[in-house]
Amino acid sequence: MATSAPADAPSPPAPQPQPEPARKAVRVVVKGRVTGVGFRDWTASTAESLGLAGWVRNRRDGSVEALLSGDPAKIEDMIVRRFPVGPPAATVTAVVPSPAEPVDPSTGFEIKFTV
């Protein structure tokens, strides 16, 4: 015989919505021998493999600029571990990050024209 809960019994708590994953964005300027060595393609491929959104482009001053948006730990990995090494033909002398506004993750990662 089934029993029912008394009328004054508390109802089970409603499921809590899952919080949005933390997102951050950083604009990075990479200096050194970074143009003509596949740095943009390498950046796009590496960022996509980490699930980051944003873009990368060459600059007329010979640097490369990128916007990285996504998981803060993966952005940190790009800035601290990956950008300082870059692709095999690159020689990185500086990685200069600055805060930026996150982009929609569905935009993916793109290679832009030189500015």
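Which residues does F39 touch, not counting residues up to four places away in sequence? In this predicted model, F39 touches V30, V34, V64, F83, G86, P87, A90 and V92. The residue lies in helix 1, and its relative accessibility is 1%. Because this value falls under the 20% limit, F39 counts as buried. Among its partners, G86 is 47 residues away in sequence, yet the two C-alpha atoms are 6.8 Å apart in space.

The setting of this residue may be described from the chain as a whole. The secondary structure comprises two helices and five strands, and from the N terminus on these elements follow the order β-α-β-β-α-β-β. The chain has 115 residues, of which 34% are buried. Of the contacts between residues at least 6 apart in sequence, 78% join residues that are at least 24 apart. The chain exposes about 7,300 Å², and carbon and sulfur atoms supply 56% of this area.

Strand 3 covers residues 64–70. Seven of its seven residues are buried, so the strand is largely enclosed by the rest of the structure. In a regular strand, side chains alternate between the two faces of the sheet. In strand 3, V64, A66, L68 and G70 point one way, while E65, L67 and S69 point the other way. The residues of both sets are buried. V64, a member of the first set, is also one of the residues that F39 touches.

Strand 3 pairs with two other strands. With strand 1, which spans residues 24–33, the pairing is antiparallel and extends over seven bridges; within it, V28 has A66 as its bridge partner in strand 3. With strand 2, the pairing is likewise antiparallel and extends over six bridges. Here the bridge partner of A53 in strand 3 is S69. Strand 2 and strand 3 form a hairpin with five residues between the strands, and G62 in this hairpin adopts a positive phi near 95°.

The UniProt record, an unreviewed entry, places the feature "active site" at R40 and N58. Although these positions are spread over 19 residues of sequence, they cluster in space, with a largest C-alpha distance of 7.4 Å. R40 belongs to helix 1, which runs over residues 39–49, whereas N58 belongs to strand 2, which runs over residues 53–58.

The two annotated residues fall into separate accessibility classes. R40 has a relative accessible area of 27% and is therefore partly exposed, since that class lies between the 20% and 50% limits. N58, with 12% relative accessibility, counts as buried, because buried means under 20%.

Their contacts, leaving aside neighbours within four places in sequence, link them to several parts of the chain. R40 is in contact with V56, R57, N58, I111 and K112. N58 is in contact with T35, R40, S63, V64, F113, T114 and V115. The two annotated residues are thus in contact with each other. V64, from the buried strand 3, appears among the contacts of N58 and among those of F39.

Key. Residues numbered from 1 in each chain as written. Predicted model: local features only at pLDDT ≥ 70, side-chain atom pairs only at ≥ 80, totals over all residues. Heavy atoms only, no water. UniProt positions renumbered as here; feature names shortened; annotations may be inferred. Helix = DSSP H or I, 4+ residues; strand = E, 2+ residues; numbered from the N terminus. Buried < 20%, exposed > 50% of the residue type's maximum accessible area, 1.4 Å probe, protein only. Contact = heavy atoms within 4.5 Å. Pairing = 2+ DSSP bridges. Areas by Shrake-Rupley, 256 points an atom, 1.4 Å probe, with all protein chains shown as cover.
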